[in-house]
Amino acid sequence: MQAAGLALARLALAVAPHARSVWIACGPGNNGGDGLEAASHLQRWGKRVHCSLAADPGRLPADAATAYQLALQAGVSISDAAPATWDLCLDALLGIGSSRAPEGLLAAWITQMNACAAVLLAVDIPSGLNANTGVAPAVCVRATHTLSLLTLKPGLFTAQGRDHVGQVWFDPLADPAIAHEQPAPSAMLLGPVPWPARPQASHKGSYGDVAIVGGASGMAGAALLAGSGALHGGAGRVFIAAPDGPGLDVDPQQPELMFRPLASLDTTAMTVVFGCGGGSAIAAHLGRILSSSPRLVLDADALNAIAVDSQLQSLLERRGRHKWATVLTPHPLEAARLLGLRTAQVQQDRLAAAQQLAQRFACSVVLKGSGSIVAAHDQTCCINPSGNARLATAGTGDVLAGLTGAALAVGMDAFDAACRSVWRHGHCADQWPEGSTLTAAALARSL
């Protein structure tokens, strides 16, 4: 707690160096103790500190009780009320052990914090936010900064977490010599991993063929966007096959795309991206593709067809036993259909839902959304920190499916292909020029 309080006080100075008055809202547990420790330092460093304590001082945990006495000795003002004004606020109300939505006095203080334009630094996790799932109740701190202590928490990076944490900072508070004593992580954060280098002595055949099966009548754009994602992702050749007829002959904007009848493609020797704008016609071809294509990305209407057909589900499960590369790319509603749940249930625990899908079908899964989850039956889940709300526009998921197909085509395994593609896709959105609208077609070209 002493180390946490010092780290918190130092970061408070860094993020709000000119703040004179500091409000530290302290809860009844060790999170509140961290705030009281920080208060002593900030008071001694010349700040005017007021601690609001939502607890009986006589019933604080031992370490927090010691921090309370030290704060009093340092001259910190402590009461059960919030100050009238402040330049900087530290949220030390509720930590990772909290299981209920804030109410009463805690809820009132959180409402006051959120209504103020001052810098708001959360200790470990914004009060109210679920540390494991990122689910936020109606009353939850919206911090400008969060200092995560000891370990990074999954909830900081997925679901509503990304809207509540602001800028995330991390302090392990640990001697590196005892780092091996930390428990195994429940999830990992994705980061930049370079696409494999291309040898000079290579040709288009070195980077694989990708077949985009989709783009039924009225939905050709989805297949074209997936094809563009595969092209700009580095596939050697990209074919488009509509499931319900001849479809287009050429795309003047992307003449590199080749259009073929599905029956003419040898999908046993290609990476197949199946379902983008496929419509109901996709189901008739899905059994053959599931049974014969060694590298497969399943998206959109392919996932919806599998969700209502037990035979297709069995074929998908069989692919896992054959160890064929398979990546599912559902959004929350599609994931819910596959799991027989409601969308809200999936969003209540995104990591668990992605893991459940990966285990059931022995494949890799990208559960799209804020903080996309990448799961596989034999891997630790990964959370993608790249990307932003600009991606919330039609067609960006099709681009991701095509990009993932390109990654499989150049030889990556399914989990690696999913991880690298998801991060790269989000990173392009993060690099998007301010004031410029992101569209799926432009996103693909930026890959």
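A charge is taken to sit over a ring if NZ of Lys or CZ of Arg is within 6 Å of the ring centre and within 35 degrees of the ring normal. Arg198 meets this description, lying over the face of Tyr207 at 3.6 Å from the ring centre. Arg424 lies over the face of Trp195, at 4.4 Å from the ring centre.

The model is predicted: local features need pLDDT of at least 70 and side-chain atom pairs count only at pLDDT 80 or more, while totals for chains, interfaces and linings use all residues. Residues are numbered from 1 along each chain as its sequence is written, and side-chain values use heavy atoms, with hydrogens and water left out.

## The sheet

Helices (H or I, at least four residues) and strands (E, at least two) are DSSP runs numbered from the N terminus. Two strands pair if DSSP finds at least two bridges between them. In general, strands of a sheet pair through backbone hydrogen bonds, either parallel or antiparallel.

Here seven strands form an open sheet in the order E3-E2-E1-E4-E5-E6-E7, with parallel pairing. Its edges are strand E3 (77-79) and strand E7 (167-171), each of which pairs on one side only. From one strand to the next, the twist averages 20 degrees; axes are lines fitted to C-alpha atoms, for helices over the stretch in contact, and angles run from 0 to 180 degrees between N-to-C directions.

At the E3 edge, strand E2 (residues 48-53) pairs with E3 in the parallel sense over three bridges. Ser52 has Ser79 as its bridge partner in E3. Helix H4 (residues 104-115) packs on the sheet and touches strand E1 (21-26), E2, strand E4 (88-92) and strand E5 (119-123). The direction of H4 makes about 145 degrees with that of E1. Contact means heavy atoms within 4.5 Å.

Towards the E7 edge, E5 and E6 run parallel and are joined by three bridges, whereas five bridges join E6 to E7, also in parallel. Thr146 takes part in both pairings: Thr146 is the partner of Ala122 in E6, and Val168 is the partner of Thr146 in E7. Strand E6 (residues 145-149) is mostly covered, with five of its five residues buried. Buried means under 20% relative accessible area, exposed over 50%, and partly exposed in between (1.4 Å probe, protein chains only). His145, Leu147 and Leu149 are buried on one side of E6, and Thr146 and Ser148 on the other.

## The tryptophan cluster

Rings of Phe, Tyr and Trp (its six-membered ring) pair if their centres lie within 6.5 Å; planes under 30 degrees apart count as stacked, over 60 as edge-to-face and the rest as tilted. The structure holds two aromatic pairs, tabulated below.

| Pair | Centre to centre | Angle between planes | Class |
|---|---|---|---|
| Trp23 and Trp86 | 4.6 Å | 55 degrees | tilted |
| Trp23 and Trp109 | 6.4 Å | 80 degrees | edge-to-face |

Trp23 lies in strand E1 and Trp86 in the loop between E3 and E4, so their pair ties together parts that are 63 residues apart in sequence. Trp23 is buried, with a relative accessible area of 0%, and Trp86 is buried at 11%. Because Trp109 lies in helix H4 and Trp23 in strand E1, the pair of Trp23 and Trp109 ties together parts that are 86 residues apart in sequence. Both Trp23 and Trp109 are buried. Trp23, Trp86 and Trp109 form one aromatic cluster.

## Further buried positions

Ser40 is found in helix H2 (residues 30-44) and counts as buried at 4% relative accessibility. Leaving aside neighbours within four places in sequence, Ser40 is in contact with Ala67, Leu70, Ala71, Ala74 and Val76.

Thr326 lies in strand E14 (residues 325-328) and, at 3% relative accessibility, counts as buried. Residues up to four places away in sequence not being counted, Thr326 touches Leu296, Leu298, Leu316, Arg319, Cys363, Ser364 and Ala414. Among these contacts, Cys363 is 37 residues from Thr326 in sequence and 5.4 Å away in space, C-alpha to C-alpha.

Helix H13 (residues 396-409) has 14 residues and reaches 20 Å from its first C-alpha to its last, close to the 20 Å expected at 1.5 Å a residue. The expected span is 1.5 Å times one less than the number of residues. H13 is mostly covered, 13 of its 14 residues being buried. After H13 comes Gly411, whose phi is positive, near 110 degrees.
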